[in-house]
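Biologist: I'm new to this one, so can you walk me through it? Let me have a look at the model before we start.

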Amino acid sequence: MSTAIKAPAAGAPELRPDLNQIGHWIARGARVLDLGCGDGALLSWLATHKDVRGYGVEIDVDGVVACISRGVNVIQSNLEAGLAQFEDDSFDYVVLSLTIQAMHNIEGILTEMARVGRTGIVTFPNFGYWENRWQILQGRMPVSETIPYEWYNTPNIHFCTVNDFDQLLIKLGMKNTGRVVLANGKRVDFLPNLLGNLALVRFERETRS
Amino acid sequence: MPDSHSVGIVAPQTAVFDAPIQLASGAVLPRFELVYETYGTLNADASNAILICHALSGHHHVAGRHQPDDKAAGWWDNMIGPGKPIDTDRFFVIGVNNLGGCHGSTGPASISPDTGTPYGSRFPVLLVADWVHTQAMLADRLGIRQFAAIIGGSLGGMQALRWSITHPERVRHALVIASAPKLTAQNIAFNDVARQAIITDPDFHGGDFYGFDTVPRRGLRLARMLGHITYLSDDGMGEKFGRMLRSGEYKFGYDVEFEIESYLRYQGDKFSDYFDANTYLLMTKALDYFDPARHYGGDLAEAMRQAQARFLVVSFTTDWRFAPDRSREIVKALLDAKKDVSYAEIESAHGHDAFLMEDAPYHALMRGYLARVADEVNPLPQEARA
């Protein structure tokens, strides 16, 4: 699945800021499933720097070729089918990066993530970002760095704010175990739902059977 | 102009094994020969070898030409050569005609040392495991302890799977393309119709037609026509032939009218000119019997747990002989066994035959994967990297 945010120029040695943060959350030697892994940049970085073993799931063939060419395990599949093939608790972490806003069944995917992994990590554009609010106040649908599409050509169908996502986790009986909000790649701790344009949330099932 | 991406003119070699070998069925062959070809150069520590396993009607002649004016190159020439995805500048590639074949290796048409006549009906039924066993003997002969990769499409993919289970330490990478973990009832049914076509041909003589100076051409031709239908997709066939008539109008008879009839008959005729009927029976039977999960309580993941190789599994969207779902069964087992595996499902209109076709994403995938393998076993000198 292609992400809604454009990656930095090819060949950039550094990870995208959100992937960088995810990289810091993931423990050394963990097993990781990266849903919508694109060109495999995160898994490749994790393998090199944290001895992580894992798989990516990617529907786009160019992404699959890129993953394979850099030695990242990748399963070509849509995310729902990709998740269904894994047994319960197969992974320490399941990552869904900048993809959730384009998905249909978000409750289903979060539940599945929490089933196959101990910890889920989701990143999404924060619709509560002040620039988005300002554009709506001006009477227009927001177009910004993290939401780069016009309303008529966007793949995104499910926008939410940082606060909305927390509410959904509660509804699904999941526990938020960490959150970082970024603005232009930098961490925002003051009024994150207003001043951050990109949210990263870590979650787990409330009770593990 | 010579093609710089071709392995060029190649010559087959023969490895003779003069001791009796016991087969999986319990039968014993007193001796056997394997005919094979190699391309590229084996490196000093013999770590850059790739074995190509062939499918039902394949053989050892995988790339290049035997004579400059050969009409066709080896059967996977688009994949293998200098600078091609299976790069003979970096790998030592081996193509072998499987035991029981009809392209030079010992098979039903070979002379039995016990009787001085062709084996015919006395040639033992083979399993995929027997091919792997004899391929391993050839590898020993060539001084190859571990293959950088074992690669096969269809029945060839089954051999790669079997290798990874039986000889885990001898396979670094297994590339399983357009294959299946075992045949379905439908697959076996198609195979049996093909076999019945051959066996009921009066010229078959119970498999001993060699002594009658004849071959069961009609049966073999029908078997091939049937098989060929399963290699193509409905879409691909429709695109290529549709309902096209050779003469443009109905003739109200039973001669060739539709282009597809003409095509299939041509394929059947061509095949029956050179392929051995007993080999066809053997190959289809080996397909039917293949089921590596069988010795692991039917649990394919348990079977794959034996493997140490990393896997690339590839399927093609319109393949209905071994559909993508069959490849996904292999992938699921490998995931459950916590093995390194990548899986690609290539869009193609060519059905099962797609694994032999040149296709940009498919070849990019193979090239990308095998470049990594080459870096592991046969790194380029530093200056060539820049």
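Biologist: Let's start with chain A: of its contacts between residues at least 6 apart in sequence, what share join residues at least 24 apart?
Modeller: That share is 66%, where a contact means heavy atoms within 4.5 Å.

Biologist: Any ground rules before I go on?
Modeller: This is a predicted model, where local features need pLDDT of at least 70, side-chain atom pairs count only at pLDDT 80 or more, and totals for chains, interfaces and linings use all residues. Residues are numbered from 1 along each chain as its sequence is written, chains are lettered from A and ligands numbered from 1 in the order in which they are written, and side-chain values use heavy atoms, with hydrogens and water left out.

Biologist: OK, what's the secondary structure of chain A?
Modeller: Chain A has 8 helices and 8 strands. Those are DSSP runs numbered from the N terminus: helices are H or I with at least four residues, strands are E with at least two. The radius of gyration of chain A is 16 Å, close to the 17 Å from the globule rule for 209 residues, so chain A is as compact as a globular protein of that length. That radius is taken over C-alpha atoms, and the rule is 2.2 Å times the number of residues to the power 0.38.

Biologist: How much of chain A is buried?
Modeller: Buried residues make up 54% of its 209 residues. Buried means under 20% relative accessible area, exposed over 50%, and partly exposed in between, with a 1.4 Å probe and protein chains only.

Biologist: And chain B, what does that look like?
Modeller: Chain B comes to 11 helices and 12 strands. Its C-alpha atoms fill a box of roughly 70 × 55 × 50 Å along the principal axes. The radius of gyration of chain B is 21 Å, which agrees with the value near 21 Å for a compact globule of 386 residues. Of those 386 residues, 54% count as buried.

Biologist: Now the interface. How many residues of each chain are in contact?
Modeller: There are 19 from chain A in contact with 21 from chain B. The area buried between the two is about 1,700 Å², with carbon and sulfur atoms giving 50% of it. Buried area here is the accessible area (1.4 Å probe) that two parts lose on being put together, summed over both.

Biologist: Which residues lose the most area on the chain A side?
Modeller: Ile68(A), Gln76(A) and Gln85(A) do, and together they give 30% of what that side buries.

Biologist: How many salt bridges cross over?
Modeller: The rule finds 2 between chain A and chain B. A salt bridge is a side-chain nitrogen of Lys or Arg within 4 Å of a carboxyl oxygen of Asp or Glu. Lys332(B) and Glu87(A) meet in one, at 2.6 Å from N to O.

Biologist: Which elements of chain A each supply at least two residues to the side touching chain B?
Modeller: Those are β2 (53-58), α3 (61-69) and β3 (74-76). The largest share, 5 residues, comes from α3(A). By class, that side of chain A has 9 nonpolar, 6 polar and 4 charged residues. Nonpolar covers Ala, Val, Leu, Ile, Met, Phe, Trp, Tyr, Cys and Pro, charged covers Asp, Glu, Lys and Arg, and the others, Gly among them, count as polar.

Biologist: Switching to salt bridges within chain B, what does Asp201(B) pair with?
Modeller: Asp201(B) bridges to Arg218(B), with the closest N and O atoms 3.4 Å apart. Asp201(B) sits in the loop between α3 and α4 of chain B and Arg218(B) in helix α4, so the pair ties together parts 17 residues apart in sequence. Asp201(B) is buried, at 5% relative accessibility.

Biologist: What about Asp203(B), how far is it from Arg218(B)?
Modeller: Asp203(B) also forms a salt bridge with Arg218(B), the closest N and O atoms being 3.2 Å apart. Asp203(B) counts as partly exposed, at 23%.

Biologist: And Gly206(B), buried or exposed?
Modeller: Exposed, with a relative accessible area of 52%. Gly206(B) is in the loop between α3 (185-199) and α4 (217-231) of chain B. Its C-alpha atom is 6.6 Å from that of Ser121(B), 85 residues away along the chain.
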